[in-house]
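Me: I should like to learn how to read several features of a protein model, from burial to salt bridges and domain contacts. Could you take me through them in order?

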Amino acid sequence: MAELVLTRRMLDRPHDSWTLDAYHEMEGYQGLYRAVREMTPEQVHAEVKASGLRGRGGAGFPTGTKWGFVPKDIFPRYLVVNGDEGEPGTFKDRMLMERDPHSLVEGILISCYALQSEHAFIYIRGEMGHAYERVVRAVEEARAVGYVGKDIGGTDFSCEITVHKAAGAYICGEETALLSSLAGYRGWPRLRPPFPAVKGLYDKPTVVNNVETMCNMPWITRRGGAAYAEMGTERSPGTRIFCLSGHVNRPGNYEIELGTTFRELFERWGQGVRNGGRVKAFVPGGASAPWFDASKLDVPLDMDVLGKEGSMLGSGAVMVMDQDADIPRAVWRLVKFFAHESCGQCTPCREGADWLEEILERMLDGHGRPQDLDLLFDVCDNISPGLNWPPAQTTICPLGPSATAPVWSTIRLFPEEYKRLVTGAHTSLASSAPAGAEPAGVTADA
Amino acid sequence: MTLNASDKVFVKERLERAREIMLRYPDSRSALLPLLHELQDAAGYVTQSGMREIADLLGITPAEVLGTASFYTMFKLEPIGDHLVSVCTSLSCQLYGADVLYRNLLAHFAVANKKTTADGVFTFEEVECAAACGGAPCLQIDYKYFEFLDPEKAVELLEDVRNRGLSIVHEERGSVNAPLPPLTPEEVSKGPAPVGSGPLSETAREEGHG
């Protein structure tokens, strides 16, 4: 088992891991001092490249490469940290911000040094009140002892961090939408190029990185990129926090080495399926990922392998469903999410996601028609032509194609569950209890 | 709330604070969401007159303020109850019966989704993933987390909040991260400890957060 990079501190100091004192006792801010006192920005960047670290927000793009897209001679430039965690099934960044905010702050300072940026913004999902308070407090503590502000560590490196509270919109997790929102506008994605690295916040070069990505930086700076690259697999190095939820005995956030299989994740960490059951389906990487059935249990948690298998590790959210799970019902719930969160700019997504939700709801309500499966495929195909992975896109951002992934992947994997809905043997959405719930004996409609 | 809908919000300390927030950003328009949060904290919801004040502060039109505010689910354009109850029914919670839990809550309090109870105490809303999937099903009251619920527990929790107030109930029963089952020796041998935390009360008192 690899060393724990991200969760060591909160496990060792469960009652005060978020304080500056505790963080200092656990090598806190040594990476920052090493960077600013002993290394050039280029050397820090080189270590991050050598680590092979890939972004932990969803797309998995190599962080060092992303940093390299910033034009050399344009200042100011900004680092924006994406703490707008909202992908259904994902709850790791909240934990990091609540339990280890100083590693986030240190990671940001190290990254700003490498990027030669003097101003970073942390965009935190508004509903996470406690995480916001902890990060604000960590920045204040760090400022009080001189880690944030002017002349950090007695050098001429200066850096300001602004903590920004968002206000409820999943789409703001998409980087261009996040930047629009941070600038004080509706969270509307825009077409790329220009990429944020060239033209981002206030039209300046901007790097957008995920919270977990940032939290790796202190370790990489202290121990070196090569040591990091020794963990995990060649193309997916390091450890990652997987958010395990659904029908396992022990759901939770687990930091494990990339390359572990889903079976191990479910059996060793999740302690198996509840009530001794078996896995029927699982979502391997957040609501946007195509689903898998039990035949994929031995696939390793590796970004490239997942891509070849037709899905993705995405945000690290793994949701498990046992043999009793109602697949179309679960899919309907994710589609409802995307329909709700569509920003409304692109017709295929705005209209298509709504129609997918309505068709599925009608089917689950007992009014399925024989042509509905073709209709679902057709709507999906209009949003994401070809229904392949990685998805084709008719929209500005990937939210539209994401709405289709649960639909087409499960119709292919579990056709009988959908056919049941179009041949009359059905249960009503309003009155049926979901798998695993005791009927509450109420019929009031939500 | 102590403010009337027509009272000016950004005066004295709040005006100073608004100016301080605006200075955090190279472009003051970035302060729009933070100022809307300030307004909502002060007035209970995003009032028309408050949005006009923000427009004046930022040098933009009231329509631009409303056009932005209305995009975000946290900003309420109409008064809500004393407490906002946000029930997650997303997939991980759904798999543990969140929709039954929510229907049951609404029936118990004789109220509809997005509506306020007759006594003005609770406004209910169904929300998307609240990022507490390890503690499903979960809900938030004024954005404070309560996890590992079931339909009966949820009703009882809200009755408790109505009777004793949110802060004391949250300190006793709320959580920061999903508390996980204690590790037995057999479990330890099978894998590393899951990351989570006990009830908030273990940690909140030490740091002075409620």
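Reply: Burial comes first, as later steps rest on it: a residue counts as buried under 20% relative accessible area, as exposed over 50%, and as partly exposed in between. Please keep in mind that this is a predicted model. Arg164(B) serves as a case, since its relative accessible area of 38% makes it partly exposed. Asp160(B), by contrast, counts as buried at 13% relative accessibility.

Me: What share of the residues of chain B count as buried?

Reply: Of the 210 residues in chain B, 57% count as buried. As for its elements, the chain has 10 helices and 4 strands. Their order from the N terminus is α-α-α-α-β-α-α-β-β-β-α-α-α-α. Among the contacts in chain B with a separation of 6 or more, 57% are between residues 24 or more positions apart.

Me: How should burial be read along a helix, and which residues of α4 of chain B are buried?

Reply: The general idea is that an α-helix has 3.6 residues a turn, so residues three or four places apart point the same way. In helix α4 of chain B, residues 62-69, the buried residues are Val65(B), Thr68(B) and Ala69(B). They line one face of α4(B), because their directions fall within an arc of 95° when seen down the helix axis.

Me: Against which elements do these buried residues of α4(B) pack?

Reply: They pack against α2 (32-43) and α3 (48-58), both of chain B.

Me: How does one read a salt bridge, and what is the count over all chains?

Reply: Side chains of opposite charge can pair when their charged atoms come close. By the rule applied here, the count over all chains is 41 salt bridges. One case is the pair Arg333(A) and Glu128(B), whose side chains meet with 3.2 Å from N to O. Arg333(A) belongs to helix α15 (residues 327-341) of chain A and Glu128(B) to the loop between β2 (122-127) and β3 (139-141) of chain B, so this pair joins two chains.

Me: Are the partners Arg333(A) and Glu128(B) buried or exposed?

Reply: Arg333(A) counts as buried, at 2% relative accessibility. Glu128(B) is buried as well, with a relative accessible area of 11%.

Me: Which residue meets Arg164(B) in a salt bridge, and how many residues apart are the two in the helix?

Reply: The side chain of Arg164(B) meets that of Asp160(B), at 2.8 Å from N to O. The two are 4 residues apart in helix α7 (residues 151-164) of chain B, which means that about one helical turn separates them.

Me: What other salt bridge does Asp160(B) form?

Reply: Asp160(B) also forms one with Arg173(B), the closest N and O atoms being 2.9 Å apart. This pair links distant parts of the chain, with Arg173(B) in helix α8 (residues 166-173) of chain B, Asp160(B) in helix α7 of chain B, and their positions 13 residues apart. At 30% relative accessibility, Arg173(B) is partly exposed. A network of salt bridges links Glu156(B), Asp160(B), Arg164(B), Glu172(B) and Arg173(B).

Me: How is the contact between two domains read, and which domains does the assignment give for chain A?

Reply: The size of an interface is often given as the accessible area lost when the parts come together. For chain A, the assignment gives domain 1 (8-229), domain 2 (239-322) and domain 3 (328-432). The contact between domain 1 and domain 3 of chain A takes 11 residues from domain 1 and 10 residues from domain 3. Between them, these two domains bury about 880 Å², of which 75% is on carbon and sulfur atoms. Their C-alpha centres are separated by 36 Å.

Me: How many salt bridges and how many residue pairs in polar contact does the rule find across the interface of domain 1 and domain 3 of chain A?

Reply: Across that interface the rule finds 0 salt bridges, and 3 residue pairs in polar contact, both residues at pLDDT 80 or more.

Me: Which domains does the assignment give for chain B?

Reply: For chain B it gives domain 1 (12-71) and domain 2 (83-173). The C-alpha centres of these two domains of chain B lie 29 Å apart.

Me: Lastly, how would one read a single loop residue such as Thr155(A), and where is its place?

Reply: One takes its place, its burial and its neighbours in turn. Thr155(A) is in the loop between α8 (129-144) and β3 (160-165) of chain A. It counts as buried, at 19% relative accessibility. A polar atom of the Thr155(A) side chain lies 2.7 Å from the backbone oxygen of Ile152(A). Leaving aside residues up to four places away in sequence, Thr155(A) touches Val36(A) and Arg37(A).

How values were computed: Residues numbered from 1 in each chain as written. Chains lettered and ligands numbered in written order. Predicted model: local features only at pLDDT ≥ 70, side-chain atom pairs only at ≥ 80, totals over all residues. Heavy atoms only, no water. Buried < 20%, exposed > 50% of the residue type's maximum accessible area, 1.4 Å probe, protein only. Arc of directions from axis to C-beta. Contact = heavy atoms within 4.5 Å. Domains from an automatic or database assignment. Buried area = accessible area lost by both parts, 1.4 Å probe. Salt bridge = Lys/Arg side-chain N within 4 Å of Asp/Glu carboxyl O. Polar contact = N/O pair within 3.5 Å; in protein donor to acceptor, adjacent residues only side chain to side chain.
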